[in-house]
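Trainee: I would like to take a close look at a single part of this structure. Could you walk me through one strand and the sheet around it?

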Amino acid sequence: MERWFNVGKIVNTHGIRGEVRVISRTDFPEERYKKGNKLYIFRERDTEPIEVTVKSHRVHKSFDLLSFEGYDSINDVERFKGAILKVPESQLGELAEGEYYFHEIIGCTVVTEGGETIGAVKEILTPGANDVWVVRREDGSEALIPYIDEVVLHVDPERKTIIIRPMEGLLE
């Protein structure tokens with residue numbers, strides 16, 4: 001059975017020409033939303049996803065704006081509000097060494113090179129130069145781990161473990 005991965009949520013329409021406003025949950029929006037790519041719209045009441053082809057992609061404020069081939073007006077896309085955009089696992093593709101999909105990192109246990117367990121990765125922030133992994137500690141507080149070579153020593157998605165070398169002040 002095919003596994004599906006969430007790439008975003010359609011939160012609204014934008015303008016009258018069939019664009020939708022998406023809050024992305026994807027690791028690589030510029031790749032995922034490339035013109036000609038296939039996405040699948042999952043609406044709550046539907047039993048089957050709706051396959052769409054990306055016609056255009058642009059970023060506006062903190063949203064990704066997408067349009068789909070054959071959906072040229074607001075009336076065509078209004079019904080997609082609240083729906084989830086997904087891709088099948090077969091569409092994920094291979095990554096370069098040292099790159100990981102979000103679903104491979106989220107849930108991993110973070111341990112220092114000295115063996116101290118910090119907690120589990122609960123989300124990934126993408127503020128700019130490098131990703132930041134948000135780790136929920138056992139006491140409920142959070143630690144922010146920058147995904148840089150000086151800090152992240154080893155990632156093992158199969159075993160769901162990450163070994164880090166804490167920098168001065170990182171885990172306070």
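Mentor: Happily; we will start with one residue, move out to its barrel, and then visit the other sheet.

A word on the ground rules comes before that. This is a predicted model, in which local features need pLDDT of at least 70 and side-chain atom pairs count only at pLDDT 80 or more, while totals for chains, interfaces and linings use all residues. Residues are numbered from 1 along each chain as its sequence is written, and side-chain values use heavy atoms, with hydrogens and water left out.

Let's begin with serine 67, which sits in strand S5, residues 63-68. Strands (E, at least two residues) and helices (H or I, at least four) are DSSP runs, numbered from the N terminus. Serine 67 has a relative accessible area of 4%, so it counts as buried (under 20%; exposed is over 50%, and partly exposed lies in between, with a 1.4 Å probe and protein chains only). Who surrounds it? Beyond its neighbours within four places in sequence, serine 67 is in contact (heavy atoms within 4.5 Å) with Gly18, Glu19, Thr53, Val54, Lys55 and Ser56. With serine 56 there is also a polar contact, side chain to side chain, at 2.5 Å. A polar contact is a pair of N or O atoms within 3.5 Å; within protein, one must be able to donate a hydrogen and the other to accept it, and residues adjacent in sequence count only if both atoms are side-chain atoms.

Now step back to the strands. Strand S4 (residues 50-60) pairs with S5 in the antiparallel sense over six bridges; two strands pair if DSSP finds at least two bridges between them. One bridge links arginine 58 to leucine 65 in S5. Both strands belong to a closed barrel of six strands, S1-S2-S5-S4-S3-S6, with antiparallel pairing. From one strand to the next, its twist averages 50° (axes are lines fitted to C-alpha atoms, for helices over the stretch in contact, and angles run from 0 to 180 degrees between N-to-C directions).

The other sheet is open: six strands in the order S10-S9-S8-S7-S12-S11, with mixed pairing. Strands S10 (142-146) and S11 (152-156) stand at its edges with a single partner strand each, so one side of each has no neighbour in the sheet. Here the twist averages 30° from one strand to the next. On edge strand S11 you will find aspartate 156, which is buried at 11% relative accessibility. The side chain of aspartate 156 reaches the backbone nitrogen of arginine 159 at 3.1 Å.
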